[in-house]
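The following exercises concern one protein structure and the ligand it holds. Please study the sequence and the model before turning to the worked solutions.

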Amino acid sequence: MLNISFFLPTEILHGSEVIRRYRDRLKEFGRKALLVTGRHSARLSGALEDVVAALDHCGIGYQVFDQVENNPSLANVAAGAKVARQLEPDFIIGIGGGSPLDAAKAIAVLAVNKFSPERLYDGGYPHPPLPVVAVPTTAGTGSEVTQYSVLTLTDKQTKAAFGDRSIFPRLAFLDYRYTESLELEPTRNTAVDALSHLIEAFLSRRAGDFSDMLVESGLRLWGRALDDLKSAAFSTGMRDSLLSASTLGGMAIAHTGTTVVHALGYPLTFFHGIPHGKVNGLLLAEYLRYNQQHAKSRVARVLKILNLKDIGEFKELMQQLLPCELKLAPEQINEYGIAASRTKNANHSLGEVSSEICIEILSKSLG
Ligand code: NAP
Ligand code: FE
């Protein structure tokens, strides 16, 4: 395993009431902000109120773009960019789950680069994106510490990530209290996205000592929350552990990327509306099984940290946390499997992930 480089330019401020305690830090980003959120969760979680109080305290003007959809499309971020170009903010604050955080990154590029959103995927932007401050309200994507933004490509009928060093958030405020308004199902779904990032980073051909260290710590924190996730009793400690696990997962995939699990998940979200984290969880056991031939000891290590005896028990756990009725038809399995095998994510997996392997993972998971 190689460690080629480690780059993580996001400052993380973590803890209860962290925005109020560090509100003066916002002054360094300028005098005017665009707040990018979904329709409800920024308000519901209390995060928007805290951000607005901090901005008022600092004398920073702001406007809210609260139209981010789940799994935002290119058109959705273009609409946000239009608002940004009119406002001419100095920086962007993304508040919400992965969808608003990813939209905030795209809007930060498009606010100062007058090109179509498709061009986001080429990188090398003529003008440096506006700085992004990230306030996650889910504990799952780790988007607050990644250089990725995942958008829905309606024409291509799937989702795809673009990545560029210039879109790493500059600052992330992590306060588990904002995740307390999440109900049981999204709490579990997003928690499993974090688990998926940790496992995929560990079972990636780009894994190295630094990403392994993040994964091992993240898995231990995730394991600590497992009893609560199963019983649906949400303690403060569980919320805080999951948020940290999610950020560690994000730090890991910022270096390794994700694998065929995410690649297979994107069409399942696009065509069947299954939430992102949930779909990963439904595929993870079979990804572990596939990796038995490439990294047996790593698979065993994942199970050991999670205190699970074998892959069968892992699969039962996922089925318990993520009940799902979906059964795919053979032609759907073929179509999604072939598409996934052609993605960059698939190449990050261990071994040579052919379309046959993608089809096998999908059919054993949802066939
Ligand atoms: P999400 O799509 O951001 O949000 C899902 C739902 O949860 C929305 O309805 C949202 O409401 C609601 N919600 C969020 N926080 C809440 C809270 N505290 N209380 C109550 N409801 C809340 O979900 P996500 O799983 O966090 O993000 C998924 C997206 O992130 C996908 O597009 C995925 O591909 C992407 N992703 C990105 C990365 C990366 O590195 N950039 C990594 C993995 C995944 P509102 O609509 O009102 O906000
Ligand atoms: Fe993910």
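**Exercise 1.** With which residue does R43 form a salt bridge?

*Solution.* The model is a predicted one. Step 1: the partner of R43 is D66, and the closest N and O atoms of the pair are 3.5 Å apart. Step 2: a salt bridge requires a side-chain nitrogen of Lys or Arg within 4 Å of a carboxyl oxygen of Asp or Glu, so the pair qualifies. Step 3: place both residues in the chain. R43 belongs to helix α2 and D66 to strand β3 (residues 61–68); they are 23 residues apart, and the pair links distant parts of the chain. Step 4: R43 has a relative accessibility of 46%, which means that it counts as partly exposed.

**Exercise 2.** Determine where the salt bridge between E360 and K364 lies, and state whether its two residues are buried, partly exposed or exposed.

*Solution.* Step 1: the closest N and O atoms of E360 and K364 are 3.0 Å apart. Step 2: both residues lie in helix α15 (residues 355–366), where four residues, about one turn of the helix, separate them. Step 3: the relative accessible area of E360 is 41%, so E360 is partly exposed. K364, at 43%, is likewise partly exposed.

**Exercise 3.** Identify the residues that are linked to R25 in a network of salt bridges.

*Solution.* Step 1: R25 forms a salt bridge with E28, with 3.0 Å between the closest N and O atoms. Step 2: the network links E11, R25 and E28. Step 3: R25 is partly exposed, because its relative accessible area is 22%. For the structure as a whole, a search finds 14 salt bridges.

**Exercise 4.** Describe the surroundings of ligand 1 and explain its position relative to the domains.

*Solution.* Step 1: ligand 1 is surrounded by 29 residues, of which H40, S41, G98, S99 and T138 are the closest. Step 2: sort the shell by class. It contains six nonpolar, 18 polar and five charged residues. Step 3: list the side-chain contacts. A nitrogen atom of ligand 1 is 2.8 Å from a side-chain N or O atom of D102. An oxygen atom of the ligand is 2.9 Å from such an atom of K159. A polar side-chain atom of S181 lies 2.8 Å from a nitrogen atom of the ligand. Step 4: consider the cover. Ligand 1 exposes 930 Å² when taken alone, and the protein buries 88% of that. Step 5: among the elements, α5 gives the most to the shell, with five residues. Step 6: domain 1 (11–177) and domain 2 (183–366) both contribute residues to the shell, so ligand 1 lies between them.

Conventions:
Residues numbered from 1 in each chain as written. Chains lettered and ligands numbered in written order. Predicted model: local features only at pLDDT ≥ 70, side-chain atom pairs only at ≥ 80, totals over all residues. Heavy atoms only, no water. Near = heavy atom within 4 Å. Polar contact = N/O pair within 3.5 Å; in protein donor to acceptor, adjacent residues only side chain to side chain. Areas by Shrake-Rupley, 256 points an atom, 1.4 Å probe, with all protein chains shown as cover. Helix = DSSP H or I, 4+ residues; strand = E, 2+ residues; numbered from the N terminus. Nonpolar A, V, L, I, M, F, W, Y, C, P; charged D, E, K, R; others polar. Domains from an automatic or database assignment. Buried < 20%, exposed > 50% of the residue type's maximum accessible area, 1.4 Å probe, protein only.
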